Amino acid sequence: MTWPFGVAVDNNDHVYVSDDWRNTIFAFDSSGNFLRKWRTTGSGDGELMRPAGLAVEKNGNIIVADSGNNRLQVFTPDGKFVGKCGSAGNGDGQFNQPWGITLDKDGNIYVADWKNHRVQKLSLEGKFLMKFGQYGKADEPEGSYAVTMFGPYVAAQSETAGYPKPGTLNHPTDVAVDPDGDIYVTDCGNHRVCVFDSEGRPICNLIGDAQVLSKWGQQTVDANPDMAAARRRVKSLEPQYRFWFPTAVEFDPATDSVIVADSQRNRLQIYKKVHDYSDFQANL
């Protein structure tokens with residue numbers, strides 16, 4: 001592979017991986033042994049251009065976010081073309097570089113419509129059902145600043161930056177749906193995860209709460225006295241708890257956990273959803 005991107009697992013524990021650079025879908029068994037691949041670059045039926053997110057239907061077919069062609073395509077497990085939906089644009093059922101996708105318990109498809117700054121919900125047949133989200137980004141008032149250290153050991157990103165309005169998105173990259181119908185969207189450009197109810201109404205935002213660096217980040221700091229000294233000089237390490245370009249989200253129903261890929265911090269942040277509070281915000 002050159003640029004592995006999306007990952008999905010079927011009921012046989014076969015693992016499917018999209019390679020954005022090679023326009024290829026790979027299949028492996030649960031031990032990582034190569035099974036097969038399919039690849040035809042282009043814009044025709046069954047051809048791919050920058051495949052991104054993957055999802056597996058109950059019947060075993062694989063849905064691919066064919067990002068470069070602004071559509072979804074469906075394949076059998078051995079790579080035979082089944083169907084497609086979508087086209088380039090900003091209308092209902094149209095896409096501008098679709099990225100992450102997921103299915104809910106009823107088989108409906110949710111698509112992070114990256115450059116349209118929204119999420120779309122489609123039926124399993126590809127019929128448009130709902131959309132939510134519009135463009136919005138965090139304000140950067142005068143006087144805000146960012147520490148220039150890059151990566152997981154960033155101590156601060158913007159001390160006085162505000163957060164955008166609820167329901168707005170800035171290049172959403174992925175989406176997940178829990179068994180209750182609540183929807184989680186990685187609002188990558190705004191460094192947060194937005195939570196919506198089943199009707200697309202905003203509920204709350206997760207901004208990151210990990211009080212430790214990734215293992216790799218901590219090793220980097222420990223090996224560099226100048227970096228450690230720079231961290232001691234900042235006013236607060238609290239901003240390093242926060243997400244920095246989160247790119248993927250999954251909900252694990254077995255543990256009621258929201259798992260977020262905190263990409264530029266090189267770590268996962270995991271939230272536990274409980275059901276004992278009447279206010280949703282208290283459940284995470």
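Phe81 is partly exposed in this predicted model, with a relative accessible area of 29%. Its ring partner, Phe75, is buried instead, at a relative accessible area of 1%. Why do the two get different labels? The cut-off for buried is under 20% relative accessible area, and partly exposed runs from there up to the exposed class at over 50%. So the 1% of Phe75 puts it in the buried class, while the 29% of Phe81 makes that residue partly exposed.

A search of the whole structure turns up 12 aromatic pairs. One of them joins Phe75 and Phe81, edge-to-face, with 6.4 Å from centre to centre and 75° between the planes. The pair counts as edge-to-face because planes over 60 degrees apart get that name. These two rings also have company: together with Tyr16 and Trp38 they make up one aromatic cluster.

**The sheet around E5 to E8**

Follow the strands here and you'll find an open sheet of 4, ordered E5-E6-E7-E8, with antiparallel pairing. Which strands sit at the edges? They are E5 and E8 (81-85), each of which pairs on one side only. Neighbouring strands in this sheet are turned by 20° against each other on average, ignoring direction. In the middle of the order, E6 (residues 62-66) and E7 (residues 71-75) pair in the antiparallel sense over 5 bridges. If you want a spot to look at, take Val64, whose bridge partner in E7 is Gln73.

**Strands E1, E2 and E3**

Now to the start of the chain. Strand E2 (residues 15-19) is mostly covered, with 4 of its 5 residues buried. E2 pairs with E1 (residues 4-9) in the antiparallel sense over 4 bridges, and another 5 bridges join E2 to E3 (residues 24-28), again antiparallel. Val15 is a handy residue to click on: Val9 has Val15 as its bridge partner in E2, and in E3 the bridge partner of Val15 is Phe28. As for side chains, in a regular strand they alternate between the two faces of the sheet.

The turns between these strands have some backbone quirks. The hairpin of E1 and E2 has 5 residues between the strands, and Asp13 there takes a positive phi near 60°. The hairpin of E2 and E3 has 4 residues between the strands, with Asn23 at a positive phi near 55°.

**Positive phi away from glycine**

Most residues other than glycine have a negative phi. Asn23 goes the other way, with a positive phi of about 55° although it is not a glycine. Where is Asn23? It lies in the loop between E2 and E3, and at 7% relative accessibility Asn23 counts as buried. His171 is another case, not a glycine but with a positive phi of about 60°. His171 lies in the loop between E14 (168-169) and E15. Is His171 buried or exposed? At 25% relative accessibility, His171 falls in between and counts as partly exposed.

**The largest pocket**

Rolling a probe the size of a water molecule over the atoms shows where empty space is left. In this model, the largest pocket holds about 1,300 Å³ of space. How many residues line the largest pocket? There are 47, and Val7, Leu54, Ile101, Thr102 and Glu250 lie nearest its centre. By class, the lining has 23 nonpolar, 13 polar and 11 charged residues. Strands E1, E5 (51-56), E9 (98-103), E15 (172-177) and E19 (246-252) each supply at least two residues of that lining.

**The sheet of E19 to E21**

E19 also belongs to an open sheet of 3 strands, in the order E19-E20-E21 and with antiparallel pairing. Its edge strands are E19 and E21 (267-272), each pairing on one side only. Neighbouring strands are turned by 20° against each other on average, direction ignored. E20 (residues 257-262) and E21 pair in the antiparallel sense over 6 bridges, and within E21 the bridge partner of Val260 is Gln269.

To wrap up the strand pairs, here they are side by side.

| Strand pair | Sense | Bridges |
|---|---|---|
| E1 and E2 | antiparallel | 4 bridges |
| E2 and E3 | antiparallel | 5 bridges |
| E6 and E7 | antiparallel | 5 bridges |
| E20 and E21 | antiparallel | 6 bridges |

Terms used. Residues are numbered from 1 along each chain as its sequence is written. This is a predicted model: local features need pLDDT of at least 70, side-chain atom pairs count only at pLDDT 80 or more; totals for chains, interfaces and linings use all residues. Side-chain values use heavy atoms; hydrogens and water are left out. Rings of Phe, Tyr and Trp (its six-membered ring) pair if their centres lie within 6.5 Å; planes under 30 degrees apart count as stacked, over 60 as edge-to-face and the rest as tilted. Buried means under 20% relative accessible area, exposed over 50%, partly exposed in between (1.4 Å probe, protein chains only). Two strands pair if DSSP finds at least two bridges between them. On a 1 Å grid over the protein atoms alone, a cavity is a set of points where a 1.4 Å probe fits but cannot get out, and a pocket is an open set with protein on both sides within 12 Å along at least five of seven lines; lining residues have an atom within 4 Å of a point. Grid points are joined across faces, edges and corners, and a volume is the space filled by probe spheres set on the points. Ala, Val, Leu, Ile, Met, Phe, Trp, Tyr, Cys and Pro count as nonpolar, Asp, Glu, Lys and Arg as charged, and the others, Gly among them, as polar. Axes are lines fitted to C-alpha atoms, for helices over the stretch in contact, and angles run from 0 to 180 degrees between N-to-C directions.
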